[in-house]
Amino acid sequence: MNIIEETISTEATRRNVRLMIPVMVHWAKTGHNEHSYGDLIHAIGKSHFSGIGHALYAVQEVLNALSKQSGKKIPTLNSLCKNTKTMLPSEGFEFVSPKYNELDENGKRKFVTGLDTDALNFPFWDWVLKELGLKEAIPFTKEQLNAIKSPHCGFGGEGEEHKALKEYICQHPEALDYSDIVLAETEHVLPSGDRLDVYFELADGTHVAIEVKPSISPDQDITRGVFQCVKYFAVMDALRTIECEDYEIEVLLVTAKELSLQNKTLAEELNVEFVDGFKI
């Protein structure tokens, strides 16, 4: 029995569900539970989608049908998709749990956290995809991967905007919600020879590395910045190991322009925190 066809009556909704489930399974398998409805819409190749709530209802119906058929309890995927303002599922989430809208905000957060944990720890998502005749979503096309793997380097020296952004952030850590600074530097040198645009040490021992990209940075330079952040964390983690210390490490990418969808996806896939559209 084809569960998607048996459960869903219209071909348009079937197509949407076949696109959405692989994306959400990929999120679950890679530990991503802070995506928005807009992220899901873009991930399935749409710029606008007024029927997202109906399609998510259908996703849940399909998982329920597979669970009933197999006797295996399958967590919901829908909790992984949230409203950008509240970082909670919308009121329509009551089709997953009828009592959801009766909870206060704190109750909703605890409830959704539990559902997210179940989804992220579920070990049988590959089985779910196989049973539904689907394959896990790949976040980048072959062409996009080739572009990411072969960046054009040499974007020129430091410009005035880049310098101004670095100095402003160093002097105004509160602009990025940092406080209790005990050390603030620009051009902090790591043992690898890399220079951090901005470096903070906080009173609680946290070490913060910030990579800054001005508004003139092309997308490929911002892609490079994402990988620089990955490298900085690895080097700082190695330094922490040989220091025999136990402080927290934070690495942040700050860009003066909005990240492209591809770079946003790349940062999320690599767990690189970012602040885009930053203005002085």
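Which residues gather in a patch of negative charge on the surface? They are Glu34, Asp180, Asp204, Glu243, Glu245, Asp246, Glu248, Glu250 and Glu273. Patch members have over 30% relative accessible area and no salt bridge, and like charges are joined within 9 Å. A salt bridge is a side-chain nitrogen of Lys or Arg within 4 Å of a carboxyl oxygen of Asp or Glu. Asp and Glu count as negative, and the place of a charge is CG of Asp or CD of Glu.

This is a predicted model, in which local features need pLDDT of at least 70, side-chain atom pairs count only at pLDDT 80 or more, and totals for chains, interfaces and linings use all residues. Residues are numbered from 1 along each chain as its sequence is written, and side-chain values use heavy atoms, with hydrogens and water left out.

**Overall picture**

The protein has 10 helices and seven strands. Helices (H or I, at least four residues) and strands (E, at least two) are DSSP runs, numbered from the N terminus. The C-alpha atoms fill a box of roughly 60 × 40 × 35 Å along the principal axes. Of the 280 residues, 42% are buried. Buried means under 20% relative accessible area, exposed over 50%, and partly exposed in between (1.4 Å probe, protein chains only).

**Strand pairing**

Two strands pair if DSSP finds at least two bridges between them. The table lists three pairs.

| Pair | Bridges | Direction | One opposite pair |
|---|---|---|---|
| Strand 3 (residues 181–189) and strand 4 | seven bridges | antiparallel | Ile181 and Leu202 |
| Strand 4 (residues 195–202) and strand 5 | four bridges | antiparallel | Phe200 and Val208 |
| Strand 5 and strand 6 | seven bridges | parallel | His207 and Ile249 |

His207 also stands opposite Glu201. Two hairpins occur here. Strands 3 and 4 have five residues between them, and Gly193 in the turn has a positive phi of about 95 degrees. Strands 4 and 5 have four residues between them, and there Gly205 takes a positive phi near 95 degrees.

**Cover**

Strand 4 is mostly covered, with six of its eight residues buried. Strand 5 (residues 207–213) is largely enclosed by the rest of the structure, because seven of its seven residues are buried. In a regular strand the side chains alternate between the two faces of the sheet. From strand 5, His207, Ala209, Glu211 and Lys213 point one way. Val208, Ile210 and Val212 point the other way, and all are buried.

Back to the patch: Glu250 lies in strand 6 (residues 249–255). Glu250 counts as partly exposed because its relative accessibility is 34%.

Note on methods. Patch = residues over 30% accessible without salt bridge, like charges linked within 9 Å, V, L, I, M, F, W, Y side chains within 5 Å. Areas by Shrake-Rupley, 256 points an atom, 1.4 Å probe, with all protein chains shown as cover.
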